[in-house]
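The paragraphs below lead through one structure, from its charged pairs to its nonpolar interior and its surface. Please keep the sequence and the coordinates at hand.

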Amino acid sequence: MTRARCDTGSTMPNDMMVEYYTQRASAGLVITEATAISEEAFGWANAPMISTPEHAAAWKKVTDAVHAKGGKIFLQLWHLGRQ
């Protein structure tokens, strides 16, 4: 499942996602929305990716915020199959 909350035309995690996951940090373990692992794996508008150093840096803001609230977070890797 993905929430498709990246900015329009973007695959970067954003401040809205930082807030969303931080609000859920008290659950203990947060499993993120489906996150595409490459351009070939991608196929859903406004869904996040984790395939570049820039993506990793954007996700680090999310993970750091969740950790700061005492939570653990797991990135759900996603591949939509061959297109």
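D64 forms a salt bridge with K60, with the closest N and O atoms 3.1 Å apart; a salt bridge here is a side-chain nitrogen of Lys or Arg within 4 Å of a carboxyl oxygen of Asp or Glu. The model is predicted: local features need pLDDT of at least 70, side-chain atom pairs count only at pLDDT 80 or more, and totals for chains, interfaces and linings use all residues. Residues are numbered from 1 along each chain as its sequence is written, and side-chain values use heavy atoms, with hydrogens and water left out.

Both D64 and K60 lie in helix α2, 4 residues apart, or about one turn of the helix. Helices (H or I, at least four residues) and strands (E, at least two) are DSSP runs, numbered from the N terminus. D64 is partly exposed at 38% relative accessible area, and K60 is also partly exposed, at 47%. In this text, buried means under 20% relative accessible area, exposed means over 50%, and partly exposed is in between (1.4 Å probe, protein chains only). The areas themselves come from the Shrake-Rupley method with a 1.4 Å probe, and for residues only the protein chains shown count as cover.

The count of salt bridges comes to 2. Besides the pair in α2, the side chains of R3 and E33 meet in a salt bridge, at 3.8 Å from N to O. R3 is in the segment before α1 and E33 in the loop between β1 and β2, so this pair ties together parts that are 30 residues apart in sequence. Are R3 and E33 buried or exposed? Both R3 and E33 are buried, R3 with a relative accessible area of 17%. Leaving out residues up to four places away in sequence, R3 touches M17, Y20, Y21 and E33, where contact means heavy atoms within 4.5 Å.

M17 leads on to the interior. With residues up to four places away in sequence again not counted, M17 touches R3, R5, C6, M12, E33, P48, W59 and V62. M17 is also part of the largest nonpolar core, which has 11 residues: C6, M17, V18, Y21, A25, V30, W59, V62, A65, V66 and I73. A nonpolar core is a set of buried Ala, Val, Leu, Ile, Met, Phe, Trp, Tyr and Cys residues joined through side-chain atoms within 4.5 Å. Two or more residues of this core come from each of α1 (15–23) and α2 (53–68), and the largest share, 4 residues, comes from α2. A second, separate core has 5 residues, including A36, A47, M49 and W78. In soluble globular proteins, nonpolar side chains tend to be buried together.

The aromatic residues add a further set of links. How many aromatic pairs does a search of the whole structure find? The search finds 3. Rings of Phe, Tyr and Trp (its six-membered ring) pair if their centres lie within 6.5 Å; planes under 30 degrees apart count as stacked, over 60 as edge-to-face and the rest as tilted. The ring centres of Y20 and Y21 are 5.0 Å apart and their planes stand at 85 degrees, so the pair is edge-to-face. Y20 is partly exposed at 23% relative accessibility, whereas Y21 is buried at 2%. Ring pairs join Y20, Y21 and W59 into a cluster.

Y21 and W59 both recur in the surroundings of T32. This residue lies in the loop between β1 (29–31) and β2 (35–36) and is buried, with a relative accessible area of 3%. Apart from neighbours within four places in sequence, T32 is in contact with Y21, W59, I73, F74, L75 and Q76. T32 and L75 are 43 residues apart in sequence, yet their C-alpha atoms are 5.2 Å apart in space.

F74 also takes part in a nonpolar surface patch of about 330 Å², together with L29 and I31. Patches are made of residues with over 30% relative accessible area and no salt bridge: like charges are joined within 9 Å, nonpolar side chains (Val, Leu, Ile, Met, Phe, Trp, Tyr) within 5 Å. I31 is in strand β1.

Two backbone details remain. A4, in the segment before α1, has a positive phi of about 55 degrees although it is not a glycine. N46, in the loop between β2 and α2, is likewise not a glycine and has a positive phi of about 65 degrees.
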